[in-house]
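This report describes the architecture and selected local features of one protein chain. Please consult the sequence and the structure below while reading.

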Amino acid sequence: HPSYYHRNSIQQLELPQRKAALIVPAFETLHYRLTFPKSKAELLSMLDMGSLYTFRYHVWPKGHAPTDYAKWRTATMPYRVAWQPDFEPYVVVRRDCPRYDQRFVGFGWNKVSHIMELDAQEYELLVLPNAFMIHMPHAPSFDISKFRLSAGYRGCLQTLREEFHQDLSRRYGAAALKYLTAERSL
């Protein structure tokens with residue numbers, strides 16, 4: 001049972017005493033009906049058969065590539081990964097972790113900015129070896145449509161990103177330079 005596994009992981013990794021974000025590897029299907037895999041082995045089989053993909057593999061691989069799915073396939077223990085630009089994994093964190101930045105409502109940069117701040121606060125990014133989630137297909141959200149169609153929306157998002165970087169620099173000093181450098185080299 002997934003929640004039992006997560007609770008167990010939280011206890012074993014001593015999460016209450018540790019600054020860690022537990023990454024739940026994300027997959028997706030293009031099928032509207034799917035029998036949810038009962039185990040990692042079953043999920044890997046579905047992945048190999050092409051009924052599942054790593055999340056956003058076709059449209060935004062950077063968002064989840066740092067999870068290192070090749071390593072996850074054979075992992076039996078949680079493993080640490082490094083922050084990379086545009087990383088936006090699904091995580092389990094302690095309740096007292098930094099909150100999502102409320103500037104990023106709608107589509108764009110909510111999870112990216114959150115992981116960036118967790119990394120700035122030196123949270124360990126730990127991938128759980130036996131956890132997974134599957135994103136099911138659905139109609140595009142109103143906000144992603146606005147992002148795609150409106151130059152104004154994209155411009156506002158860029159301004160908010162710049163403000164966020166400035167705030168990180170103020171809060172974390174030189175340590176936050178890597179985020180700005182990574183952003184400019186994209």
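## The loop between S4 and S5

In this predicted model, Asp 86 is located in the loop between S4 and S5. The residue is buried, with a relative accessible area of 8%. Its phi is near 70°, a positive value in a residue other than glycine.

Glu 88 is found in the loop between strand S4 (79-81) and strand S5 (90-92). With a relative accessibility of 14%, Glu 88 counts as buried, the cut-off being under 20%. Apart from neighbours within four places in sequence, Glu 88 is in contact with Trp 60, Gly 63, His 64, Lys 111 and Val 112. Glu 88 and Trp 109 are 21 residues apart in sequence, and their C-alpha atoms are 8.4 Å apart in space.

## Overall organisation

The chain contains seven helices and seven strands. Along the sequence these elements follow the pattern α-β-β-α-β-α-β-β-α-β-β-α-α-α. Of the 186 residues, 41% count as buried. The chain exposes about 10,900 Å², and carbon and sulfur atoms supply 56% of that area.

Contacts that span long stretches of sequence are prominent in the count: among contacts between residues at least 6 apart in sequence, 75% join residues at least 24 apart.

## Strand S1 and its partners

Five of the five residues of strand S1 (residues 20-24) are buried, so the strand is largely enclosed by the rest of the structure. Both of its faces are covered. Ala 20, Leu 22 and Val 24 lie on one side and Ala 21 and Ile 23 on the other, and all are buried.

Strands of a sheet pair through backbone hydrogen bonds, in either a parallel or an antiparallel sense. S1 and S6 run parallel and are joined by four bridges; within this pairing, the bridge partner of Ala 20 in S6 is Glu 124. S1 and S5 run antiparallel and are joined by three bridges; here the bridge partner of Ile 23 in S5 is Val 91.

## The three-stranded open sheet

Three strands form an open sheet in the order S3-S2-S7, with mixed pairing. Strand S3 (53-54) and strand S7 (133-135) stand at the edges with a single partner strand each, so one side of each is left without a neighbour in the sheet.

Strand S2 (residues 26-28) pairs with S7 in the parallel sense over three bridges. Ala 26 stands opposite Met 133 in S7.

## Aromatic pairs

Across the whole structure, a search finds eight aromatic pairs. One of them joins Phe 36 and Phe 132 in a stacked arrangement, with 5.7 Å from centre to centre and 20° between the planes. Phe 36 lies in the loop between S2 and H2, and Phe 132 in the loop between strand S6 (124-127) and S7, so the pair ties together parts that are 96 residues apart in sequence. Phe 36 counts as partly exposed, at 42% relative accessibility, whereas Phe 132 is buried, with a relative accessible area of 16%.

The ring centres of Phe 104 and Trp 109 are 5.6 Å apart and their planes stand at 55°, so this pair is tilted. Phe 104 and Trp 109 are both buried. In addition, ring pairs link Phe 27, Tyr 69 and Trp 72 into a cluster.

## Lys 40 and Asp 68

Lys 40 is situated in helix H2 (residues 40-49). Although buried, Lys 40 has no salt bridge. The nearest side chain of opposite charge, that of Asp 68, is 11 Å away, whereas a salt bridge requires a side-chain nitrogen within 4 Å of a carboxyl oxygen. Leaving aside neighbours within four places in sequence, Lys 40 is in contact with Trp 72, Arg 73, Thr 74, Ala 75, Pro 129, Asn 130 and Phe 132. Among these contacts are a member of the aromatic cluster, Trp 72, and a member of the stacked pair, Phe 132.

Asp 68 is placed in the loop between S3 and helix H3 (69-74). At 32% relative accessibility, Asp 68 counts as partly exposed. Asp 68 has a positive phi of about 65°, although it is not a glycine.

Terms used: Residues numbered from 1 in each chain as written. Predicted model: local features only at pLDDT ≥ 70, side-chain atom pairs only at ≥ 80, totals over all residues. Heavy atoms only, no water. Helix = DSSP H or I, 4+ residues; strand = E, 2+ residues; numbered from the N terminus. Buried < 20%, exposed > 50% of the residue type's maximum accessible area, 1.4 Å probe, protein only. Contact = heavy atoms within 4.5 Å. Areas by Shrake-Rupley, 256 points an atom, 1.4 Å probe, with all protein chains shown as cover. Lys, Arg positive; Asp, Glu negative; His and termini not counted. Pairing = 2+ DSSP bridges. Phe/Tyr/Trp six-rings, centres within 6.5 Å; stacked < 30°, edge-to-face > 60°.
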